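Reader: I am in my first year, and I would like to learn how the words used for a protein model are justified. Could you take me through this one slowly?

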Amino acid sequence: MNLEKIIHKIETETNLPDIKYMNFHVWLAIRKHIYPKLTKGIYKLKSPQGIKVVKLFLNAFYGFSYWFHRYDYWFISSTTTRKPINGTYRDIFTDHIMEKLPNSWKIEYTLKQHYPKKLIPYQKVSSMLLLIIVEKFISCLLTNNKKIIEIENEILKHFKTIKRNEIDIKHSIKKIVGQYHTMKLLLFFKKKPKVLFLVSAYSYYGYVKALKEKSVKIVEIQHGVINNSHVGYVIYSNYPNLYFPDYLLSFGSNEKKILKHPNRFSEVTKIHPTGSYIIDYYKNNFKPQKELSELIKKYELSFCVSLQDCEVGFSIIPWIIEIAKNNPKNIFVLKPRETPISYYKENYNFPTNTIFNNNLNIYELILHCDYHITAYSTTALEAPSLGKPNILFNIENKAMTYYKIILTQNKSTFYLNSTAEFDKIISKLQNMSSKEVIEANANIFKPNYLKNLYNFLSHNL
């Protein structure tokens, strides 16, 4: 049974969505960890340890003075959404909105450290780590709570394959409660905003509930792929609207189709297709790097490979090595994420027509190359809107699971189930223009992002 069917069955045929701790529908917070465990067999909470804890504590006072001012518009985002643009690290989802709206302030999450203020375009940014410290303190007060233990036992009865020590259900319960009371405390000392903009609303159910109880408008900004099995956007039960954003600024019109009935998401959240700031920016401002361009010219075809830090992401490497060896006249430019290049080189034997590049970002590398390759990275959505066709390696059926409804096999995207299919795919792609590829992806990313965004702001806020 695939994940979409598993979610529907559990959400409609069990009492799990009705489970509450105090007045919190805690299954919302728990399920986003349960489902990956059921389908992938893994579950991991990122918990900083040792010296990292000390560094994070010091980071908590980043932008400390801004906590004491009043702002009409609050933003919640992360350092991971900052990209180097024109000498600064720009938040590609929020900074352009903050510049448009006067009196804005951002609460920023990080697991590393914040960027120096001189390197970010909008200065009014404070660290979320201060809120997390308060949240952790509140969570500690709930340790060994009998009701929480009863809920954990009830949930585990439904999942015979999950052992108690394999997933921290208590953590998820305490997190939503801790978030809620932390935000309530902040609102006690600080004037409420008119609007909260945030990336990934389903990571902050507690914050959203506390703010909506105060009649604050919540606007979520889409940051990644949304499909029928994304638990952050799948609602089959009658949860109160307090947990969900009022608006979703989506990449395109495709999200409206995906989130329609019987999924209730579009009933509780209005979806406004706006497009992508970063896609429009690089489409209009791309400048080739001379050194890389000269190298690529020596080959007949070039492929940008977007790597991923996961089991399937590493499984793509042998596929790349094989097709690179079989196609010595083509070049493959690999873009890693967090995994160091040294790891790949120490564990794999790459042919000379494969190179790693960490000097340019993924959008710049995609635009340098003729085609884009990945397993199931979100860049699969973006590459065709930059005029570059996708070749998705369907390892463990991940690409089809994530994208079969969104990215149909057409002029913009092709799926490979084996390396033997590679040459057949390439012959089909070579007759296509960038304009054709972009047009085939128009429902995924709506063009003219800033125009669409400003239209939304002027009519809805």
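Author: Let us begin with a definition: a residue is called buried when its relative accessible area is under 20%, exposed when that area is over 50%, and partly exposed in between. Please keep in mind that this is a predicted model.

Reader: Why is tyrosine 277 called buried?

Author: Tyrosine 277 has a relative accessible area of 13%, and because the cut-off for buried is under 20%, the word applies. The value for tyrosine 281 is 15%, so tyrosine 281 is buried by that rule.

Reader: What makes tyrosine 277 and tyrosine 281 a stacked pair?

Author: A pair of aromatic rings is described by the distance of the centres and the angle of the planes. For tyrosine 277 and tyrosine 281 the centres are 6.2 Å apart and the planes 20 degrees apart; since a pair needs centres within 6.5 Å and stacking needs planes under 30 degrees apart, the pair is stacked. Both residues belong to helix α11 (residues 277-285), where they are four residues apart, about one turn of the helix.

Reader: Why is the pair of phenylalanine 61 and phenylalanine 64 called tilted?

Author: The structure holds 36 aromatic pairs, and one of them joins phenylalanine 61 and phenylalanine 64, with 5.7 Å centre to centre and 55 degrees between the planes. An angle under 30 degrees would count as stacked and one over 60 as edge-to-face, so 55 degrees leaves the word tilted.

Reader: How do you know whether phenylalanine 61 and phenylalanine 64 are buried or exposed?

Author: Phenylalanine 61 has a relative accessible area of 40%, while phenylalanine 64 has 34%. Because partly exposed covers the range between 20% and 50%, both are described as partly exposed. Phenylalanine 61 is placed in the loop between α3 (51-59) and β1 (73-78), and together with Phe57, Leu58, Phe64, Phe68 and Ile133 it makes a nonpolar surface patch of about 630 Å².

Reader: What makes you say that lysine 100 sits over the ring of tyrosine 454?

Author: The charged end of lysine 100 is 4.3 Å from the centre of that ring. The distance limit is 6 Å, so this part of the rule is met, and the rule also asks that the charge be within 35 degrees of the ring normal. Another lysine, lysine 209, lies over the face of phenylalanine 24, at 5.1 Å from the ring centre.

Reader: Why is serine 215 called exposed, and what is notable about its phi?

Author: Serine 215 has a relative accessibility of 63%, and because exposed means over 50%, serine 215 counts as exposed. Its phi is positive, about 65 degrees, although serine 215 is not a glycine. Most residues other than glycine have a negative phi. Serine 215 is found in the loop between α8 (205-212) and β7 (217-221).

Reader: How do you know that the protein chain agrees with a compact globule?

Author: With 461 residues, a compact globule would have a radius of gyration near 23 Å, and because the protein chain has 23 Å, the value agrees with that expectation. The C-alpha atoms fill a box of roughly 65 × 50 × 45 Å along the principal axes, and buried residues make up 56% of the 461 residues.

Methods:
Residues numbered from 1 in each chain as written. Predicted model: local features only at pLDDT ≥ 70, side-chain atom pairs only at ≥ 80, totals over all residues. Heavy atoms only, no water. Phe/Tyr/Trp six-rings, centres within 6.5 Å; stacked < 30°, edge-to-face > 60°. Buried < 20%, exposed > 50% of the residue type's maximum accessible area, 1.4 Å probe, protein only. Helix = DSSP H or I, 4+ residues; strand = E, 2+ residues; numbered from the N terminus. Patch = residues over 30% accessible without salt bridge, like charges linked within 9 Å, V, L, I, M, F, W, Y side chains within 5 Å. Areas by Shrake-Rupley, 256 points an atom, 1.4 Å probe, with all protein chains shown as cover. Salt bridge = Lys/Arg side-chain N within 4 Å of Asp/Glu carboxyl O. Rg over C-alpha atoms; globule rule 2.2 N^0.38 Å.
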